[in-house]
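Me: Could you walk me through a few features of this model, from its surface to its pocket?

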Amino acid sequence: MRRILILTEYDGTHFAGLQRQRPGLRTVQGELERILPEIGALPKAVAAGRTDAGVHALAMPFHFDLLSKIPTERIPEALNRLLPEDLKVITAKEVAPGFHARKEALWRAYLYRLLLRPHPSPLLRHRALWIRHSLDLAAMQEALAHLPGRHSFLGFAKEEVRAGERELYEARMEEVEGEAGRELRFYFRGQSFLRGQVRGMVGTLLEVGLGKRPPESLRLILETADRRLAGPSAPPQGLYFLEARYPEDRLSPKG
């Protein structure tokens with residue numbers, strides 16, 4: 001039996017989230033586990049993280065165990081023939097037998113896209129959050145500087161029962177010329193994230209940009225871990241799971 005690590009790309013618009021849920025709800029994990037036995041794999045796929053309904057992924061890792069002798073390089077093609085159009089496998093590799101896609105991730109990264117133009121884009125309605133008003137980018141940059149480091153991020157999370165302390169390695173934003181016009185993109189990288197944390201941070205940063213709160217208010221949210229002090233969660237369509245990193249020695253069958 002081989003343990004296989006795959007990277008998946010998906011459009012989260014028509015998924016009820018990543019994790020398997022009650023019967024009748026369409027999820028990324030559910031779609032993947034449904035077809036794994038058809039290539040000789042056990043019907044259990046473990047992801048590096050989770051995404052809510054409407055959230056996308058550019059390279060979400062999953063591991064599963066494969067009983068058949070199908071060559072590793074043929075796994076993406078074999079799975080993609082069976083998967084729906086909004087979920088595809090982009091790479092596959094054999095890893096150490098005990099490798100775990102969630103527990104062994106050194107860090108994870110998320111991207112959030114804002115479309116900044118006077119009118120909405122029908123092409124990006126499920127892929128970026130449209131903002132028609134001008135934003136104070138200097139104030140947002142000042143607020144963003146409070147986030148990196150080790151803090152309790154419960155003040156930005158939702159429906160979270162775990163301990164809130166996490167380390168955020170990087171929090172930055174950049175202006176780019178996107179496919180439909182000017183975009184503001186946020187990039188967050190940390191060992192792990194609480195449920196709703198990224199969307200809570202972006203929603204609060206947007207309030208700073210719109211002049212509804214001062215930049216230093218983020219410091220108070222981190223100190224108190226009080227969700228009532230933060231802004232509303234940004235909508236899901238602008239959020240993407242970007243990537244995860246693992247120890248190199250675990251990315252080999254002999255690891």
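Reply: Happy to! A definition helps to begin with: patches are made of residues with over 30% relative accessible area and no salt bridge, and nonpolar side chains are joined within 5 Å. Please keep in mind that this is a predicted model.

Me: Which residues make the nonpolar surface patch of about 330 Å²?

Reply: A patch residue needs over 30% relative accessible area. The nonpolar patch here covers about 330 Å². Its makers are M1, L42 and L67.

Me: Is M1 buried or exposed?

Reply: M1 sits in the segment before strand 1 (2-10). The cut-off for exposed is over 50% relative accessible area. Because M1 has 69% relative accessibility, the verdict is exposed.

Me: And L66, buried or exposed?

Reply: L66 belongs to strand 3 (residues 56-66). Its C-alpha is 5.1 Å from that of R2, although 64 residues separate L66 and R2 in sequence. Buried means under 20% relative accessible area. With a relative accessible area of 0%, L66 is therefore buried.

Me: Now the largest pocket: which element gives the largest share of its lining?

Reply: The largest pocket has a volume of about 660 Å³. Among its 31 lining residues, A48, G49, R50, R162 and F193 are the closest to the centre. Two or more lining residues come from each of strand 2 (46-47), strand 5 (107-116) and helix 4 (197-209). The largest share, three residues, is given by helix 4.

Me: How many residues of that lining are charged?

Reply: Sorted by type, the lining of the largest pocket has 12 nonpolar and eight polar residues. The charged residues in this lining number 11.

Key. Residues are numbered from 1 along each chain as its sequence is written. This is a predicted model: local features need pLDDT of at least 70, side-chain atom pairs count only at pLDDT 80 or more; totals for chains, interfaces and linings use all residues. Side-chain values use heavy atoms; hydrogens and water are left out. Patches are made of residues with over 30% relative accessible area and no salt bridge: like charges are joined within 9 Å, nonpolar side chains (Val, Leu, Ile, Met, Phe, Trp, Tyr) within 5 Å. Accessible areas come from the Shrake-Rupley method with a 1.4 Å probe; for residues, only the protein chains shown count as cover. A salt bridge is a side-chain nitrogen of Lys or Arg within 4 Å of a carboxyl oxygen of Asp or Glu. Helices (H or I, at least four residues) and strands (E, at least two) are DSSP runs, numbered from the N terminus. Buried means under 20% relative accessible area, exposed over 50%, partly exposed in between (1.4 Å probe, protein chains only). On a 1 Å grid over the protein atoms alone, a cavity is a set of points where a 1.4 Å probe fits but cannot get out, and a pocket is an open set with protein on both sides within 12 Å along at least five of seven lines; lining residues have an atom within 4 Å of a point. Grid points are joined across faces, edges and corners, and a volume is the space filled by probe spheres set on the points. Ala, Val, Leu, Ile, Met, Phe, Trp, Tyr, Cys and Pro count as nonpolar, Asp, Glu, Lys and Arg as charged, and the others, Gly among them, as polar.
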